[in-house]
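Here are a few exercises to work through with the model open in your viewer. Try each one yourself before reading the solution.

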Amino acid sequence: DGALHLIAVAGLAPWHGYDRLLVGMGEYYQNGGTREAVFHLVGDGSELPLYKKLAAEYGLESRVRFYGFLSGDPLTEVYNRADIAVSCLGMYRKGMNRESSLKIREYSARGLPAIAVSPIDIFPPDWPYQMIVPNDDTPIDMQKVFAFGDALQKLRKEGMCVERIIREKARDKAEMKNTIREMAEAF
């Protein structure tokens, strides 16, 4: 549909920091932004009322879709619409500065590039399928998100199967049998 589709799947706690993305989207459109982005937010939790309030305040109702808790095929259907996954954007809220969440592993297993606040621990620091944003309260810069999406689209047009590359690397680094083997070899 020409829009950039972002997805986040979480229990919606303060450290997920999706308010940063909502404010970034709101500011982008308030400042005359014309490119379409849709944020698919799957999950329930304490931050849901805040996220709905921000979406309403910024007039993002048509651009933010709230699904509540999903699993199985309904969750897969939403994942299949996504271009980019959004990991925890508020790690600083719990004193953390490194991305090593289960969430990023799920996104990677589904072959999704991700936005994160630090290089993703299972990939090299220069991994081209990650966008690193500041680990602070600043709104997410949607111009940079669109540029990241454009770069990914360019790779796809050049014949790269981005999703397959991400899935294979994630399997090599995060699959349980490989993780256990690395631990066993370390001892």
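**Exercise 1. Find the buried residues of helix α3 (residues 72-79) and work out how they sit around its axis.**

Step 1: pick out the buried ones, where buried means under 20% relative accessible area, exposed over 50% and partly exposed in between (1.4 Å probe, protein chains only). In α3 you should get Leu75, Val78 and Tyr79.

Step 2: check the directions. These residues span an arc of only 105° around the axis, so they're on the same side of α3; the arc is that of the directions from the helix axis to the C-beta atoms. As a general reminder, an α-helix has 3.6 residues a turn, so residues three or four places apart point the same way.

Step 3: look at what lies over them. The cover includes β1 (4-9), β2 (37-42), β3 (64-68) and α4 (102-109).

A note on ground rules: this is a predicted model, so local features need pLDDT of at least 70 and side-chain atom pairs count only at pLDDT 80 or more, while totals for chains, interfaces and linings use all residues. Residues are numbered from 1 along each chain as its sequence is written, and side-chain values use heavy atoms, with hydrogens and water left out.

**Exercise 2. Describe the surroundings of Ile7.**

Step 1: place the residue. Ile7 belongs to strand β1, and with a relative accessible area of 0% it is buried.

Step 2: list its contacts (heavy atoms within 4.5 Å). Skipping neighbours within four places in sequence, Ile7 is in contact with Phe39, His40, Val78, Tyr79, Ala82, Ile84, Ala85, Val86, Tyr107 and Leu112.

Step 3: take one pair. Ile7 and Val78 are 71 residues apart along the chain, and their C-alpha atoms are separated by 8.0 Å.

**Exercise 3. Do the same for Gln130.**

Step 1: Gln130 is in strand β6 (residues 130-132) and counts as buried at 8% relative accessibility.

Step 2: leaving out residues up to four places away in sequence, Gln130 touches Ala114, Ser118, Pro119, Ile120, Pro124, Pro125 and Phe148.

Step 3: the C-alpha atoms of Gln130 and Phe148 are 8.5 Å apart, with the two positions 18 residues apart along the chain counted as their separation.

**Exercise 4. What is notable about phi of Leu12?**

Step 1: phi of Leu12 is near 50°, a positive value in a residue other than glycine.

Step 2: Leu12 is in the loop between β1 and α1 (18-30), and it's buried, at 0% relative accessible area.

**Exercise 5. Characterise the largest pocket.**

Step 1: get the definition straight. On a 1 Å grid over the protein atoms alone, a pocket is an open set of points where a 1.4 Å probe fits, with protein on both sides within 12 Å along at least five of seven lines; lining residues have an atom within 4 Å of a point.

Step 2: the volume is about 210 Å³, taken as the space filled by probe spheres set on the points. Of the 13 lining residues, Ala3, Leu4, Arg35, Gly149 and Asp150 are the closest to the centre.

Step 3: helix α5 (residues 142-157) gives the most to the lining, with 6 residues.

**Exercise 6. How many helices and strands does the chain have, and in what order do the elements run?**

Step 1: count DSSP runs (helices are H or I, at least four residues; strands are E, at least two; numbered from the N terminus). The chain has 7 helices and 6 strands.

Step 2: from the N terminus on, they run β-α-β-α-β-α-β-α-β-β-α-α-α.
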